[in-house]
Amino acid sequence: MSTGGAAEIVFDHVTKRYPGRDESAISDFSLEIPAGAFCVLVGPSGGGKTTALKMVNCLIPFDAGDIRIDGRSVRDQSVVELRRGIGYVIQQAGLFPHMTVGDNIATVPRLLGWPKARQRERAAELIELVGLEQSDERRYPAQLSGGQRQRVGLARALAADPPVLLMDEPFGALDPITRARLQQELRRLHREVAKTVIFVTHDIDEAITMGDRIAILRPGGVLAQYDTPDTILAAPADSFVSAFIGEDRALRRLALRRVGDVELAPDGGDDAPVVSAATTVRNALSLMVGSQGDRVRVVGDDGETKGVLTFSQIEELLRW
Amino acid sequence: MVAAGPVIPNFGKGSTCVTGNHVFCWGWVQQHWHDTLEPKLVEHVELSLVAVAIGFVLAFALAIFAHRVRGVSQPLGVVAALVYTIPSIAIFQILIPFFGISDTTIAIPLTGYSLVILYPNILTGLQSAPPDVLEAARGMGLEPRDVFRRIELPLAVPAIIAGLRIAVVSTISIATIAAFIGGRGLGGPIFDALQLPTPFKTEIYSAGFLVVAFALVCDLTLVAVRRVLVPWTRA
């Protein structure tokens, strides 16, 4: 498997049923994830999202259909080769407790037989990339916080520069603050390293924050909807999806937009609340409602007024 | 089975301390270090360490077998626990008709005891790798033999050393009873001293002290080995 860059992943009518169960875990599941996309699989438990993820690196075999990475079936290559070309991050991080951070990160490069010096170099690079300290390289997992461990898990998954990254509820065990920070950094990292990411979560908020595309699975492993976050919020495919994303979906949509990205009306709100261009439209709306007005004044980084955002403009945004 | 010669102190020519059988006669220890205590200590070290070494190899092989093959670990564990309950004196007695008064007769039960202590510890150790660690290892493309060599085995070291500490100390202690056969090991002088009309205290205490000291040295060595091999738990 080639390294570097990203790869397209295709689920082609995949079906999986666990022995002794009546209902399928995955039913006729088809999904095309373009190279470089950040795709979130989300759904209630029993939706088969983790099963779908683990079928990509053959930790779970499927019964029918096919999964192709860059056009090549995952069944056409040795399992070991396949897995060494796919980064894999799990909820508890699964770090090797007896190895230092540096050795943990260098696991796949070592398996691939890279020279020692290059392994070290790569580990140092990744420590930097995921926001750890170089001095952490010699520490053991037991000496790290949950967030640091997950950073190491991510660095380890990226070590051999795989085109595909599978993440199974990677932030599920973290406190909300650490979680939000890591979400943000993973987004930044994804822009920098351009991998195809499949990210599993049961948390719709996380899915909306993280995904370029979201695949919502319903129990039985049926794909309910596959779209961009904005489209899913604006036009849920059915009652299952709208129930899953919640009644505040209009607000969630507004949270995806920043006031600086909206076409603003000319100035005219001298006594309206002031917001920065980076504020989400949702928060701007909250301020507006809180001040019992119908507009906020948007100010750029330089302190100059860029314009006003009015209530009717927000309505317009949601009309689409 | 009374050993002849220098092991039994000569009361006629002995010091007043020895003839009076005082609590401890340092002079006797110095006088009989080379002809009694030292050779018996060497025997004791050999008997117990060889037994633990052979027991370790066998236990390791069995534990790997039980780790690989589902369903054999429990029956093996039950057998091991049962074997451990057989009194050592009884085993020595049973084996004498087959192997006579020989080191083999001593080595078999000593090896057996360390085997049954080590087996469950090694197996527990091999099975101690957390499921998420094993899943991450598999998911990253480690082959089963890599998983064993790089993950399961190193993670088993703490449990293996814990088992070795128990096995070594208890084997050293049981080896004292092996003197029942041919007066081998540090149990020899103790038995000899006990067979006198008045048990000779100095000989019992000095031999007993050496048993304890030897066990302690072995235990501390294992603790040191653990510190070197298991740096990751010293957080």
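**Strand 3 of chain A, and where chain B meets it**

Let me begin with strand 3 of chain A, which is joined to strand 8 of chain A, residues 196–201, by five bridges, the two strands running parallel. Before going further, I should say that this is a predicted model, and that its scores are ipTM 0.83 and pTM 0.83.

Within the pairing with strand 8 of chain A, Val42(A) has Thr201(A) as its bridge partner. Strand 3 of chain A is also joined to strand 9 of chain A, residues 213–218, by four bridges, and here too the strands run parallel; in that strand, Cys39(A) has Arg213(A) as its bridge partner.

Are the residues of strand 3 of chain A buried or exposed? The strand covers residues 38–42, and five of its five residues are buried. Both faces are covered, with Phe38(A), Val40(A) and Val42(A) buried on one side, and Cys39(A) and Leu41(A) buried on the other.

Turning now to the contact between the chains, 18 residues come from chain A and 16 residues from chain B. On the side of chain B that touches chain A, the elements giving two or more residues are helix 6, residues 131–139, and helix 7, residues 144–177, both of chain B, and the largest share, six residues, is that of helix 6 of chain B. By character, this side of chain B consists of nine nonpolar, three polar and four charged residues.

Finally, a word on confidence: chain B has an average pLDDT of 88, with 94% of the residues scoring at least 70, although residues 1–7 of chain B have a pLDDT below 50, and this stretch makes 12 contacts in the model beyond near neighbours in sequence.

Notes
Residues numbered from 1 in each chain as written. Chains lettered and ligands numbered in written order. Predicted model: local features only at pLDDT ≥ 70, side-chain atom pairs only at ≥ 80, totals over all residues. Contact = placed C-beta atoms within 7 Å. Nonpolar A, V, L, I, M, F, W, Y, C, P; charged D, E, K, R; others polar. pLDDT = per-residue confidence, 0-100. Buried ≥ 20, exposed ≤ 12 C-beta atoms within 10 Å, placed from the backbone. Pairing = 2+ DSSP bridges.
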